[in-house]
Structures are given as C-alpha cells and as structure tokens.
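Reader: I'm new to this one and a bit lost looking at the whole thing. Please pick a single part and take me through it closely, then show me what goes on around it.

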Amino acid sequence: MNSEVCRLPVGLGWEVTPASWQFDGNAARVRAAERTDNFVDPTGSVVALNGARAVAVAPQKPWQFAVRVTVDFRASYDAGSVMLWSDERHFAKLCFEQSPQGRATVVSVVTRGLSDDSNAWTVEGDSGWLRVCSLGNDAYVFHSGADGAHWDLVRYFALAGNQPMKYGIGAQSPIGNGCDVTFTDFIFAATLL
C-alpha cells in the first residue's frame, strides 16, 4: 500500500505511521506493524508508544468523531481504535480488539500517567462502530454501536494533558505480527451528542 495515494479524511495526519496504508476516498486501509501499541502498563514495566495513529487537533467547543472499524484479527490485542492524544502520558483509546479468548471485544483505555484497561463487551463479527465525543471542559464520552445510528455508552471520563488534545484513529498489534484494519464512514461534527 502506498501512503501517497490520498490524504486521510477529516483533517487526520499520521503522527506514527503504520507499516502501510492507503485511502481510496471511502476506506482507509491500514496495516499495523508487528509489536505496536499505545499503552503504559500500570506496573510501569512496559511502555509502548509506537502504535500507528493519525490525528487532528480538536476544536475547543464540543464535537464528536465516529468511524466504522473492521479488523482482520490475527493475534490477541490486534485492534483498530478511535483515539484522544495530548502527549505520551495523557491519551485514551476506544478499541475494537481481539481478546485473549479470540473474541472481538470493545475495550477502552485511559492513560493519565499510567494506562488502565477495561473490557466492555464482545461483538459478533469483525466490524463495529466507535465514537468519541467531547463535552467540553476536558470531559469525554466513548460509545460503541452496531450501525452508526444507535450507540451504547462505554465510558464517561475526564482527560487533560500538557499539549492540545487531538482526536483520530489508531491501529495496533501488540504481541502479533501485524494486522489489517479498515476504517470507513468517517464522521466529524462540531456538535454535542
């Protein structure tokens, strides 16, 4: 895949480039490199900040960003995600991820110095919708859904960092040899939920 094919939608640009990617005007096809993640283990023993991420600076007012994510799962923790990123110790991601039990799972991670990790529920199939909403005043909401119209709350949280907040997409393969993630139906709106 050639990274020169087309620019990503909604102003996104790569801060950490994946193994390969292309955007054809509808779908962003991303190849996560092997052994990549964005996670600071709660014990402090593992710090991985090499997961592919394409981000854009978020506006100050409330907004929402949603995308449909399809993952060619190969190994545990392979995932595609929506992300918030301020700096290397202040970020969050809502993942469509393969669990160690081999199930597609909605997982949220919030990093304030150290990362936490919380599984929400399993999903049938290899795709799902993910959404992050900014409510203003450093308050955010993660949602997941099956159709891009009906949403279930995954997490409501606060996050502030040392740099302006950015939103975007991510792809990871923490213990695998890489995976393919497809992002479609990008939606960005400067509105509340």
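Author: One yardstick before we start: a residue is buried under 20% relative accessible area, exposed over 50%, and partly exposed in between (1.4 Å probe, protein chains only). What you're looking at is a predicted model, where local features need pLDDT of at least 70 and side-chain atom pairs count only at pLDDT 80 or more, while totals for chains, interfaces and linings use all residues. Residues are numbered from 1 along each chain as its sequence is written, and side-chain values use heavy atoms, with hydrogens and water left out.

Let's take the open sheet. Seven strands make it up, in the order β2-β3-β17-β7-β13-β14-β15, and the pairing is antiparallel. (Strands here are DSSP runs of E with at least two residues, numbered from the N terminus; two of them pair if DSSP finds at least two bridges between them.) At the edges sit β2 (20–23) and β15 (152–158), each pairing on one side only. Going from one strand to the next, the twist averages 20°, taken between axes that are lines fitted to C-alpha atoms, with angles from 0 to 180 degrees between N-to-C directions.

Start at the β2 edge. β2 is joined by four bridges to β3 (residues 27–32), and the two run antiparallel. For instance, find W21 and look across: its bridge partner in β3 is V30. As a general point, strands of a sheet pair through backbone hydrogen bonds, either parallel or antiparallel.

Still around there, R29 and D24 meet through their side chains in a salt bridge, 2.9 Å from N to O. (That term asks for a side-chain nitrogen of Lys or Arg within 4 Å of a carboxyl oxygen of Asp or Glu.) R29 has a relative accessible area of 33%, so it's partly exposed, and D24 lands in that class too, at 45%.

Now move along to β17. D180 in this strand forms a salt bridge with R74, the closest N and O atoms being 2.8 Å apart. R74 is in the loop between β7 and β8 (79–87), so this pair links distant parts of the chain, 106 residues apart. Neither end is hidden: R74 is partly exposed at 45%, and D180 is partly exposed at 26%. The story grows from there, with salt bridges that share partners joining R31, D72, R74 and D180 into one network.

Charges aren't the whole picture, though. The structure holds 13 aromatic pairs, meaning rings of Phe, Tyr and Trp (its six-membered ring) with centres within 6.5 Å; planes under 30 degrees apart are stacked, over 60 edge-to-face, and the rest tilted. Zoom in on W63 and F188: with ring centres 5.8 Å apart and planes at 25°, the pair is stacked. W63 belongs to β7 (residues 63–72) and F188 to β17 (residues 179–189), so the contact ties together parts that are 125 residues apart in sequence. W63 is buried at 1% relative accessibility, whereas F188 is partly exposed at 29%. Both belong to one aromatic cluster, made of F23, W63, F65, Y140, F142, F157, Y167, F186 and F188.

Elsewhere, W85 and F91 also stack, 4.6 Å centre to centre with 20° between the planes, and both are buried. The charged end of R53 sits over the ring of W85, 3.5 Å from its centre; the rule is NZ of Lys or CZ of Arg within 6 Å of the ring centre and within 35 degrees of the ring normal.

In total, a search of the whole structure finds eight salt bridges. Another of them is K93 with D37, at 2.7 Å from N to O. It links K93 in β9 (residues 90–98) with D37 in the loop between β3 and β4 (38–40), 56 residues apart. Here both ends are buried: K93 at 3% and D37 at 12%.

Last, the cysteines. With a disulfide being a pair of cysteine sulfur atoms within 2.5 Å, the count is zero. C133 has its closest cysteine sulfur in C95, 17 Å off, so it's too far for a bond. For C179 the closest is also in C95, at 11 Å, again too far. C133 is buried at 1%, and C179 is buried at 0%.
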